[in-house]
Amino acid sequence: MDPFSYQIKRTQRASKTRIVVTPEKIEVVAPLHVSEAMLHQFVNEQWHWIIQAVQKLKSRSEQLHSLAPKAYHDGAAIPYQGKTYSLSLTPTKLKRIRVEHSHVFTVHIPHTHLGTIGSEEIKSVVIRWMKTNVKMTVEQMVLLHGPKHNLFPKSVSIKSQKSRWGSCGIHNDIAINWLLALAPLEILEYVVVHELCHIKEKNHSKHFWDLVAQHLPNYRSAQLWLKQHGQTLMLGI
């Protein structure tokens, strides 16, 4: 019996069978025509590689350090777009909490609630602000890159995903992981372009990567950044 469980995912995008190992799951991605028996045999043949990949991920995760501050108090360091900004908690006569960002993250807190709003609530407000702003940024990037090859998604959504940076559904609905708000803008742009290109190329063939390169000639540097920093980013804030 295998010392691990795995999921099988068949997709028309897959040109060959492959195994994806993430901290959350082991997934066998395969073309639609491959039988389940062949997939189980493929997993058995890759048994040692899978074990090594799982162990490597476990070892790496133990060495990771979250970008999140220990608490969301005045002066805490907030990661955003590849940089770190100081958090400023400021009393206001407004009735609702409001977030502003310039050279610092300013959270305007109603003066009547200044002593009662805790770290978790401030964290939730900051994350909500980031999700709203990353969606606006993604929509701007779609408008920038979409016209070049008529790559217009049916919809754009921002999601919380534990192992994916983005996705393009069969009806060309684009979803982007909000945690990319923490990365430099060029990394977010790469993921947006990657998913846009799936509107035309539903795979990762040479034609797909050629299309990505037409939009972002230096896309490989963004791939490298995600490979080096992606796991830390996935820890969130």
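**Helix H5 and the nonpolar cores**

Good morning. I begin with helix H5, whose buried residues pack against helix H3 (119-145), helix H4 (185-197) and helix H6 (219-234). Please bear in mind throughout that this is a predicted model.

Which residues of H5, spanning 206-215, are buried? They are Phe208, Leu211, Val212 and His215. These residues lie on the same side of H5, because they cover an arc of only 100 degrees around the axis. The face turned away from that buried side carries Lys206 and His207, both exposed.

Phe208 deserves a further word. Its relative accessibility is 0%, and it therefore counts as buried. As for aromatic pairs, the structure holds eight. In one of them, Phe208 meets Trp209 edge-to-face, with 4.8 Å centre to centre and 80 degrees between the planes. Elsewhere, Tyr80, Tyr85, Phe105 and Trp129 are linked into a cluster by ring pairs.

I turn now to the largest nonpolar core, which has 52 residues. Which of them touch the most other members? The answer is Phe105, Met130 and Leu180. Elements giving two or more residues to this core include strand E4 (77-80), strand E5 (83-92) and strand E7 (105-110), as well as H5 itself. H3 supplies the largest share, ten residues.

Leu180 illustrates the packing. Beyond its neighbours within four places in sequence, Leu180 is in contact with Trp165, Ile187, Leu188, Val191, Leu226 and Leu233. Another core, of twelve residues, lies apart from the largest one; Phe4, Ile26, Ala30 and Ala53 are among its members.

As general background, nonpolar side chains tend to be buried together in soluble globular proteins. Thank you.

Note on methods: Residues are numbered from 1 along each chain as its sequence is written. This is a predicted model: local features need pLDDT of at least 70, side-chain atom pairs count only at pLDDT 80 or more; totals for chains, interfaces and linings use all residues. Side-chain values use heavy atoms; hydrogens and water are left out. Buried means under 20% relative accessible area, exposed over 50%, partly exposed in between (1.4 Å probe, protein chains only). Helices (H or I, at least four residues) and strands (E, at least two) are DSSP runs, numbered from the N terminus. The arc is that of the directions from the helix axis to the C-beta atoms. Contact means heavy atoms within 4.5 Å. Rings of Phe, Tyr and Trp (its six-membered ring) pair if their centres lie within 6.5 Å; planes under 30 degrees apart count as stacked, over 60 as edge-to-face and the rest as tilted. A nonpolar core is a set of buried Ala, Val, Leu, Ile, Met, Phe, Trp, Tyr and Cys residues joined through side-chain atoms within 4.5 Å.
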